[in-house]
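Me: I would like to go through this model by question and answer, starting from the ligand site. Please keep the replies short.

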Amino acid sequence: MTQEISAIYPGSFDPVTNGHLDIVERGRSIFDRVVVAVSVNQDKNPLFTIEERIEMLRDVTRQWDNVEIDQFDGLLVDYATSRGASVILRGIRAVTDFDYEFQMALMNRRLAGSIETVFLVPAEAYEYLSSSLVKEVASLGGTVSGLLPLLVEELLSAKLEALTDADKEL
Ligand code: PNS
């Protein structure tokens, strides 16, 4: 019997985009299991709470039986080891991603040599897509339709509206 391979797909997912989902879908067809792990990183000042990000991810990946959503704190390699995962999955878009991703992959290998980082390339339509860009465009009134799952698009618009209302009250 061959051993099952679990991959951890870590990130902030603030919020999950169609680019992330594209990587999850490709990952789940290669590995036995993909665990989408949301980083509990207090430094980043996220727009959505960890609970909101997890709930959105659960909603939009519900149709895939070998995809699980979780959260992690501390070192990624420690979390991967605790989950019995031998692969860290990352999406790589343009050449601009490469430097940061290369550094992380080498550092993670230094910390845990038995865990391999695997990079997947998203569909061309999502090459330029990032959560930060989507938030910026949406907050300035631009359209982000087609870049996010519908549910996430609605929640983003509600969140931005709530923030604007809160600002007005100040
Ligand atoms: O989607 P992001 O924000 O680019 O994800 C970055 C993430 C969460 C994968 C990275 O910051 C991370 O792995 N953080 C956990 C802490 C850690 O292990 N740091 C050392 C990585 S070399």
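**Ligand site and surrounding fold**

Me: Which residue has a polar backbone atom 2.8 Å from an oxygen atom of the ligand?
Reply: The model is a predicted one. In it, a ligand oxygen atom lies 2.8 Å from a polar atom of the backbone, within the 3.5 Å cut-off for a polar contact. The residue that supplies this backbone atom is L76.

Me: How far is the polar side-chain atom of S12 from an oxygen atom of the ligand?
Reply: S12 is listed with G11, K44, L76 and R90 as the closest of the 14 residues that surround the ligand. The S12 atom in question is a polar one of the side chain, and its partner is a ligand oxygen. The distance is 2.7 Å.

Me: Which residue has a polar side-chain atom 3.1 Å from an oxygen atom of the ligand?
Reply: The contact is made by a side chain, at 3.1 Å from a ligand oxygen. The protein covers 76% of the 550 Å² of accessible area that the ligand has on its own. The residue at 3.1 Å is R90.

Me: Which element gives the most residues to the shell around the ligand?
Reply: The ligand sits in the largest pocket. Both β1 (6–11) and α4 supply at least two residues of the shell. The top contribution is four residues, and it comes from α4.

Me: Which residue in β5 stands opposite R90?
Reply: Strand β4 covers residues 87–91 and runs parallel to strand β5, residues 116–120, with five bridges joining the two. Opposite R90, the residue in β5 is F119.

Me: What is the handedness of the β-α-β unit made by β4, helix α4 and β5?
Reply: The helix of this unit, α4, spans residues 95–111. This same helix gives four residues to the shell around the ligand. The unit formed by β4, α4 and β5 is right-handed.

Me: Which two residues does a cis peptide bond join?
Reply: Most peptide bonds are trans. Here omega is about 0° for one bond. One partner, P15, lies in the loop between β1 and α1 (18–30). The residues joined are D14 and P15.

Me: What value is phi of F13 near?
Reply: F13 is placed in the loop between β1 and α1. Most residues other than glycine have a negative phi. For F13 phi is positive, near 50°.

Key
Residues numbered from 1 in each chain as written. Predicted model: local features only at pLDDT ≥ 70, side-chain atom pairs only at ≥ 80, totals over all residues. Heavy atoms only, no water. Pairing = 2+ DSSP bridges. Right-handed = clockwise from strand over helix to strand, strands pointing away. Near = heavy atom within 4 Å. Polar contact = N/O pair within 3.5 Å; in protein donor to acceptor, adjacent residues only side chain to side chain. Areas by Shrake-Rupley, 256 points an atom, 1.4 Å probe, with all protein chains shown as cover. 1 Å grid on protein atoms, 1.4 Å probe; cavity = no way out; pocket = protein on both sides within 12 Å on 5 of 7 lines; lining within 4 Å. Sits in = over half its atoms within 2 Å of the grid points.
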